[in-house]
Amino acid sequence: MTLTRRDLVGASGLALLGAAAVSGRVQAQAIPEAPTTTANTMQPPIYPTSGPDYQPVVTLNGWTLPWRQNGDWKEFHLVAEPVEREMAPGMIARLWGYNGQSPGPTIEAVEGDKVRIFVTNRLPEHTTIHWHGMLLPNGMDGVGGLTQPHIKPGKTFVYEFELKKSGTFMYHPHADEMVQMAMGMMGFFVVHPRDPRLHRVDRDFVFLLSAYDIDPGNYVPKVAEMVNFNMWTFNTRVFPGIDPLVVAKGDRVRVRVGNLTMTNHPIHMHGYDFEVTCTDGGWVRPEARWPEVTIDIPVGAMRAYEFDAIYPGDWALHCHKSHHTMNAMGHDIRTFIGVNKRDFSRRMKRMVPDYMSMGSAGMADMGEMEMPLPDNTLPMMTGFGQFGPIEMGGMFTVVKVREGLASRDYRDPGWYQNPPGTVAYEFQGPAPSTTRAPTPASKVKPDGKVDVVKPNGQHKH
Ligand SMILES: [Cu+2]
């Protein structure tokens with residue numbers, strides 16, 4: 001892991017042995033280190049070395065927060081601070097996050113654990129952390145003003161609670177929420193069952209949906225935006241910057257998706273059907289599950305789905321709102337399909353040499369061309385696969401199911417080698433006839449009236 005250590009108060013592990021018996025208020029000198037990372041690719045999961053066994057989650061383009069056992073307590077340290085996040089090669093966003101990145105690190109623990117979470121505020125304004133979905137004492141719920149005083153800049157607060165149930169939860173500020181969430185402050189909190197056999201899977205992926213409005217050439221999101229976001233992300237990354245989900249054939253796989261944007265996202269996975277097995281409210285009873293290929297993730301909610309990875313391949317996983325698989329898109333683009341723009345382009349090029357007309361036959365040409373872009377933005381449709389341009393952006397990645405991967409191997413295996421004879425192919429026989437029956441039954445006349453041909457051949461105006 002590319003972690004660097006930031007020891008805020010100079011407390012060493014040895015000095016803390018005396019604090020092992022602490023059961024209530026924690027002493028000031030006992031703040032654990034706050035690990036930090038600038039990595040934007042998936043860091044190896046942290047396997048449990050003591051206590052109940054569990055299959056740790058992997059965070060797409062993210063990492064898991066190391067903790068310290070202190071007596072009965074698992075201690076974590078989150079630092080709210082400004083961060084830089086590369087959304088994909090070619091674009092950096094200046095955001096707020098936790099411990100060096102947005103989203104913050106995934107917190108992982110076991111049902112029944114007592115957790116003590118130190119939160120240090122290095123932002124220019126106050127903050128809090130709300131533990132979304134957790135059952136906890138009211139005063140630990142993290143709603144600034146309602147359940148606790150705000151954490152002022154430079155201050156550290158302590159949250160302490162027992163993990164009453166396993167499941168998938170999120171954390172985010174409940175202070176100046178519009179700004180702080182629009183700036184990227186959020187993370188996952190996964191609680192594993194105490195019984196290692198319950199809900200066991202072989203691979204367990206987590207990612208958060210977040211959205212930003214960053215104009216080309218800018219670095220900071222517009223925080224007042226409510227509707228017109230242009231960067232639709234998995235864990236604050238966009239395609240082609242999103243890690244693939246690498247899976248061994250035969251694995252039982254879980255994908256946990258949380259939505260902290262301001263709209264719903266129908267998450268669709270190709271090649272499989274699957275079932276929702278967990279929401280942020282808890283596990284779904286087996287008799288209450290039904291098959292799906294697309295799961296709508298409501299705003300402020302989490303859905304986890306599971307499948308048996310029996311079909312090898314490179315299977316697309318994406319939001320089904322097609323505008324959400326685009327990067328930095330201008331919504332004022334007109335539709336030019338069917339319009340001949342040759343004359344117009346020639347005249348425009350005389351005035352603007354870089355001018356490029358597009359869209360007369362659709363917009364697929366945008367996926368192929370390397371247009372000159374302003375600084376710090378990304379092409380709207382991009383990414384190349386083994387057969388050509390993928391023409392995607394935003395909320396899109398690939399589930400790579402392969403035979404014979406080692407259980408802890410998450411490295412990108414490259415493109416799928418399809419068995420011979422199993423790829424769609426070009427027809428090589430005689431060209432199809434171009435004569436077709438005339439189908440239009442109406443046409444617009446020069447005076448603007450529509451000429452409708454009735455079935456009996458008479459014209460009606
Ligand atoms: Cu979407």
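pLDDT is the predictor's confidence in each residue, on a scale from 0 to 100. The structure treated in these exercises is a predicted model, and its protein chain averages a pLDDT of 85, with 79% of the residues scoring at least 70.

**Exercise 1. Confidence and overall make-up**

Task: Establish over which residues pLDDT stays under 50, and then describe the protein chain by its helices and strands.

Solution. Begin with the confidence values: pLDDT stays under 50 over residues 1-24, a stretch for which the model has 35 contacts beyond four places in sequence. Where pLDDT is low, the predicted coordinates should not be read in detail. Turn next to the secondary structure, which in the protein chain consists of three helices and 29 strands. The chain has 461 residues, and 37% of them count as buried. Finally, consider the contacts with a separation of 6 or more: residues 24 or more positions apart account for 72% of these in the protein chain.

**Exercise 2. A sheet of four strands**

Task: Work out the strand order of the open sheet of four strands, and explain why one side of strand S7 and one side of strand S9 are left without a neighbour in the sheet.

Solution. The order across this open sheet is S7-S12-S11-S9, and the pairing is mixed. Strand S7 (107-110) and strand S9 (130-132) stand at the edges, and because each has a single partner strand, one side of each is left without a neighbour in the sheet. On average, neighbouring strands of this sheet are turned by 25° against each other, direction ignored. For the pairing at the S9 edge, look at strand S11 (residues 167-172), which runs antiparallel to S9 and is joined to it by three bridges. One residue pair can be picked out here, since His132 has Met170 in S11 as its bridge partner.

**Exercise 3. Strand S8 and its partners**

Task: Decide how many of the eight residues of strand S8 are buried, and trace the bridges that join S8 to S5 and to S10.

Solution. The step on burial uses a cut-off, namely 20 or more other C-beta atoms within 10 Å of a residue's own. Six of the eight residues of strand S8 (residues 114-121) are buried, so this strand is largely enclosed by the rest of the structure. Strands of a sheet pair through backbone hydrogen bonds, either parallel or antiparallel. With strand S5 (residues 73-88), S8 runs parallel, and eight bridges join the two; with S10, S8 runs antiparallel, and seven bridges join them. Val115 can be followed through both pairings, being the bridge partner of Lys74 and also having Phe161 in S10 as a bridge partner.

**Exercise 4. Two residues in loops**

Task: Determine whether Gly139 is buried or exposed, and whether Pro379 is buried or exposed.

Solution. Locate Gly139 in the loop between S9 and strand S10 (156-162). Gly139 has 12 other C-beta atoms within 10 Å and is therefore exposed, the limit for this class being 12 or fewer. Leaving aside residues up to four places away in sequence, Gly139 touches Thr147 and Gln148. Its C-alpha atom is separated by 10.0 Å from that of Phe161, which is 22 residues apart from Gly139 along the chain. Pro379, in turn, is placed in the loop between helix H3 (365-368) and strand S24 (382-385), and Pro379 is buried, with 21 other C-beta atoms within 10 Å. The C-alpha atoms of Pro379 and Asn327 are separated by 6.2 Å, although these residues are 52 apart along the chain.

**Exercise 5. Backbone angles**

Task: Identify which peptide bond before Pro103 and which before Pro240 is cis, and find where Thr236 and Glu391 lie.

Solution. Most residues other than glycine have a negative phi, and most peptide bonds are trans. The peptide bond from Ser102 to Pro103 is cis, with omega near 0°, and Pro103 is found in the loop between strand S6 (91-98) and S7. Phe239 and Pro240 are likewise joined by a cis peptide bond, with omega about 10°. Pro240 lies in the loop between strand S14 (231-234) and strand S15 (245-248), and Thr236 lies in the loop between S14 and S15. Thr236 has a positive phi, near 55°, and counts as buried with 29 C-beta neighbours inside 10 Å. Glu391, by contrast, is placed in strand S25 (residues 388-392); its phi is positive, near 60°, and Glu391 counts as buried with 21 C-beta neighbours inside 10 Å.

How values were computed:
Residues are numbered from 1 along each chain as its sequence is written. This is a predicted model: local features need pLDDT of at least 70, side-chain atom pairs count only at pLDDT 80 or more; totals for chains, interfaces and linings use all residues. Two strands pair if DSSP finds at least two bridges between them. Axes are lines fitted to C-alpha atoms, for helices over the stretch in contact, and angles run from 0 to 180 degrees between N-to-C directions. Two residues are in contact if their C-beta atoms, placed from the backbone, lie within 7 Å.
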